[in-house]
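Biologist: I would like to go through this structure and hear the reason behind each label. Please show it first.

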Amino acid sequence: GTADQAQLAEKIGFKAVLISGSSVSTQVLGLPDVGLMTMTELVHNVENICNASNISTMVDCDTGFGNAINVRRTVASVIRAGAAGLFIEDQASPKRCAFVKGKEVISLEEAAGKYRAAVDVRNELDPDFIIMARTDARTAVGGSLEEVIRRGRAYLDAGADVLYVAGLQSRDEVRHLRNALKDRLRFLSGSWSAIKPPLTQKEIQEFGICMAHCNLRSIYFIALHDFLVEFKERGFDFANEFKKKHEDHPMGGADISSGVFDLSGLPKVAEWEKKYLPPEKLEKYESSLGLYDPRARGEKNS
């Protein structure tokens, strides 16, 4: 949901990230994922992430922020922000996170119109842009696997590249969906947390799932929560122990910040200064103190 997370994923070698609407709502705005975020707030965050990294970015666009006409503007804005693809869900507004009870879906006809609008804009502006159609029809009010199949067929007929299915309940349901749509379903994605035990990497490949993601927000907050609890109880003795333990970590270093400074591009700033500024302006590095020298970090990481 944030630029630094995308930068870290790119540094480690991942090829794509998904900007979760739920993560943007909770991490950036501090609001629950119930349709309170606006299109411009989402697109602003997408621009920040795309400007900060070169990793391919997929975007959760909730319900498209209105009807099919609004969807045209949403898709155009996300394309211009630099993303590689997006998905729009068929929930009624106000929407809810895929894992939360109380969801409702709009009619198949209205949803298919949204996907046709999204595909039209994609074809006009960027033919390589990926349009994913997400259906929440399995876990919404009155939902069923049969309704997922009915909608999935219609959404693919509308031109969607990928069918994203939220909330299938078992491995058998995944197999049934694949078999029912085998004549047209090339690329399948979705949220699989309801399936127990969790799908393995081998099963994800066997089911032909083209995009499976891990929620970094949960991992981040678990780790941060545990650190803050210990920090509150023990104070700076614990903080100092933590820093000492991780001083050689790729994201550690001077006061546990060197890796983050590197990630955000501070060494590159020092290179630009050397290239563009008068020599006397560079004397500041020899006349000041600091634990982090971007010039040395640039040489270390080159």
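Biologist: Where is the place of threonine 63?

Modeller: This is a predicted model. In it, threonine 63 sits in the loop between strand E2 (56-60) and helix H4 (68-81).

Biologist: Why is threonine 63 called buried?

Modeller: Buried means under 20% relative accessible area. Threonine 63 has a relative accessible area of 8%, so the label applies.

Biologist: Which residues is threonine 63 in contact with, leaving aside its neighbours within four places in sequence?

Modeller: With those neighbours left aside, the contacts of threonine 63 are Val71, Ile88, Glu89, Gln91, Lys95 and Lys114.

Biologist: What can be said of aspartate 62 and phenylalanine 65, in the loop between E2 and H4?

Modeller: Phi of aspartate 62 is near 50°, and phi of phenylalanine 65 is near 65°. Each is a positive value in a residue other than glycine. Most residues other than glycine have a negative phi.

Biologist: What makes aspartate 62 count as buried?

Modeller: Its relative accessibility is 3%, and the cut-off is under 20%, so aspartate 62 counts as buried.

Biologist: Which peptide bonds are cis?

Modeller: The bond from serine 93 to proline 94 is cis, with omega near 5°. Another cis bond joins lysine 196 and proline 197, where omega is about -10°. Proline 94 belongs to the loop between strand E3 (85-89) and helix H5 (108-125). Proline 197 belongs to the loop between strand E6 (188-191) and helix H8 (201-206).

Biologist: How do you know that cysteine 61 is in no disulfide?

Modeller: A disulfide needs two cysteine sulfur atoms within 2.5 Å. The closest cysteine sulfur to that of cysteine 61 is in cysteine 50, at 11 Å, so the pair is too far apart for a bond. Cysteine 97 is in no disulfide either; the nearest cysteine sulfur, that of cysteine 214, is 14 Å away. A search of the whole structure finds zero disulfides.

Biologist: Are these two cysteines, 61 and 97, buried or exposed?

Modeller: Cysteine 61 has a relative accessible area of 0% and cysteine 97 one of 12%. Both values are under 20%, so both residues are buried.

Biologist: Which residues of helix H13 (residues 294-301) are buried, and why are they said to line one face?

Modeller: Pro294, Arg297 and Gly298 are buried. Seen down the axis of H13, the buried residues fall within an arc of 105°, so they line one face of the helix. On the other side of H13, Glu299 and Lys300 are exposed.

Biologist: What do the buried residues of H13 pack against?

Modeller: They pack against helix H11 (258-264) and helix H12 (266-276).

Biologist: Which residues make the nonpolar surface patch?

Modeller: Phe261, Leu266, Val269, Trp272, Tyr276 and Leu277 make a patch of about 550 Å². H12 supplies the largest share, four residues.

Biologist: Why is leucine 277 called partly exposed?

Modeller: Partly exposed is the range between under 20% and over 50%. Leucine 277 has a relative accessible area of 35%, so it is partly exposed. This residue is found in the loop between H12 and H13.

Biologist: How many helices and strands does the chain have, and what share of its residues count as buried?

Modeller: The chain has 13 helices and seven strands. Of its 302 residues, 44% count as buried.

Terms used. Residues numbered from 1 in each chain as written. Predicted model: local features only at pLDDT ≥ 70, side-chain atom pairs only at ≥ 80, totals over all residues. Heavy atoms only, no water. Buried < 20%, exposed > 50% of the residue type's maximum accessible area, 1.4 Å probe, protein only. Helix = DSSP H or I, 4+ residues; strand = E, 2+ residues; numbered from the N terminus. Arc of directions from axis to C-beta. Contact = heavy atoms within 4.5 Å. Patch = residues over 30% accessible without salt bridge, like charges linked within 9 Å, V, L, I, M, F, W, Y side chains within 5 Å. Areas by Shrake-Rupley, 256 points an atom, 1.4 Å probe, with all protein chains shown as cover. Salt bridge = Lys/Arg side-chain N within 4 Å of Asp/Glu carboxyl O.
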